[in-house]
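Here is a short note to read with the model open beside you. Take the points one by one, and look for each residue as it comes up.

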Amino acid sequence: LKGDKYASNLWVWNTIRDGFPGAPRNPKAQQSSSPTPPVEHQKKSAVFTNKGTNPAYDQAEVWFGDDMFWAKLGKGDPTVSVNTYTGHIWTLKVNGDVVKKWVINKKEDKYNFEV
């Protein structure tokens with residue numbers, strides 16, 4: 001195997017993807033009365049901190065949604081900083097049990113969550 005090698009990816013969607021700046025509009029979809037407006041994806045930042053004052057959170061973990069482990073947030077673990085977007089849900093679990101949930105909304109650009 002000598003010489004140059006090339007690779008490429010091609011992403012194909014079978015429909016128009018709403019909610020992104022500059023996204024094309026489907027005139028048929030615009031004519032219908034949609035019950036939900038398009039989602040505005042706004043970049044946000046969030047910081048999760050365990051102050052270490054509540055022993056119930058000594059083995060805490062931050063999860064994206066309910067099923068994607070993100071980071072340990074137990075007593076003595078470092079602060080967790082993330083880039084996130086409007087509508088994202090962050091979950092705090094202890095020993096596999098959900099103990100807190102935070103939803104990123106449009107109100108703020110920076111979030112500080114402490115346990």
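The points below go from the overall layout to the sheet, the core, one turn and the salt bridges.

1. **The overall layout.** Please keep in mind that this is a predicted model. The protein has one helix and seven strands. Following the sequence, you meet them in the pattern α-β-β-β-β-β-β-β, with the helix written at the start of that pattern.

2. **Surface and contacts.** About 9000 Å² of the protein is exposed, and carbon and sulfur atoms supply 51% of that area. Buried residues make up 24% of the 115 residues. Now think about contacts between residues at least 6 apart in sequence: 54% of these join residues at least 24 apart.

3. **The four-stranded sheet.** In what order do the four strands of the open sheet lie? The order is S3-S2-S5-S6, with antiparallel pairing. Strand S3 (68-72) and strand S6 (97-103) are the edge strands, and each of them pairs on one side only. From one strand to the next, the twist averages 30°. As background, strands of a sheet pair through backbone hydrogen bonds, either parallel or antiparallel.

4. **Walking across the sheet.** Start at S3, which pairs with strand S2 (residues 60-64) in the antiparallel sense over four bridges. Next, S2 is joined to S5 by five bridges, and these two strands also run antiparallel. Finally, S5 pairs with S6 over six bridges, again in the antiparallel sense.

5. **Residues to find on that walk.** Phe64 is a handy landmark. Phe64 stands opposite Met68 in S3, and the bridge partner of Phe64 in S5 is Trp90. One pairing further on, the bridge partner of Thr91 is Lys101 in S6.

6. **An enclosed strand.** Is strand S5 largely enclosed or largely open? Five of the six residues of S5 (residues 89-94) are buried, so this strand is largely enclosed by the rest of the structure. Here, buried means under 20% relative accessible area.

7. **The nonpolar core.** How many residues does the largest nonpolar core have? The count is 17, and the residues with the most contacts inside this core are Phe48, Leu73, Trp90, Leu92, Trp102 and Phe113. The elements that give two or more residues to this core are strand S1 (43-49), S2, strand S4 (80-85), S5 and strand S7 (110-114). The largest share, three residues, comes from S5.

8. **The surroundings of Trp90.** Try selecting Trp90 and looking around it. Leaving aside neighbours within four places in sequence, the residues in contact with Trp90 include Phe48, Val62, Trp63, Phe64, Trp70, Val82 and Trp102. Gly65, Thr84 and Lys101 are also among the contacts of Trp90.

9. **An unusual backbone angle.** Most residues other than glycine have a negative phi. Asn95 has a positive phi of about 55° although it is not a glycine. Where is Asn95 found? Asn95 is in the loop between S5 and S6, and the hairpin of these strands has two residues between them. At 67% relative accessibility, Asn95 counts as exposed.

10. **Salt bridge one.** The protein has three salt bridges by the rule used here. In one of them, the side chains of Asp109 and Lys44 meet at 3.3 Å, N to O. Asp109 lies in the loop between S6 and S7 and Lys44 in strand S1, so the pair ties together parts that are 65 residues apart in sequence. Asp109 is exposed, with a relative accessible area of 54%, whereas Lys44 is buried at 3%.

11. **Salt bridge two.** The side chains of Glu114 and Lys51 meet at 3.8 Å, N to O, in another salt bridge. Glu114 lies in strand S7 and Lys51 in the loop between S1 and S2, so this pair ties together parts that are 63 residues apart in sequence. Lys51 is exposed, with a relative accessible area of 52%.

12. **Salt bridge three.** Lys101 and Asp66 form a salt bridge through their side chains at 3.1 Å, N to O. This pair links Lys101 in strand S6 with Asp66 in the loop between S2 and S3, 35 residues apart. Lys101 is partly exposed at 45% relative accessible area, and Asp66 is partly exposed at 39%.

Terms used. Residues numbered from 1 in each chain as written. Predicted model: local features only at pLDDT ≥ 70, side-chain atom pairs only at ≥ 80, totals over all residues. Heavy atoms only, no water. Pairing = 2+ DSSP bridges. Axes fitted to C-alpha atoms, helices over the stretch in contact; angles between N-to-C directions. Buried < 20%, exposed > 50% of the residue type's maximum accessible area, 1.4 Å probe, protein only. Contact = heavy atoms within 4.5 Å. Areas by Shrake-Rupley, 256 points an atom, 1.4 Å probe, with all protein chains shown as cover. Core = buried A, V, L, I, M, F, W, Y, C linked by side-chain atoms within 4.5 Å. Salt bridge = Lys/Arg side-chain N within 4 Å of Asp/Glu carboxyl O.
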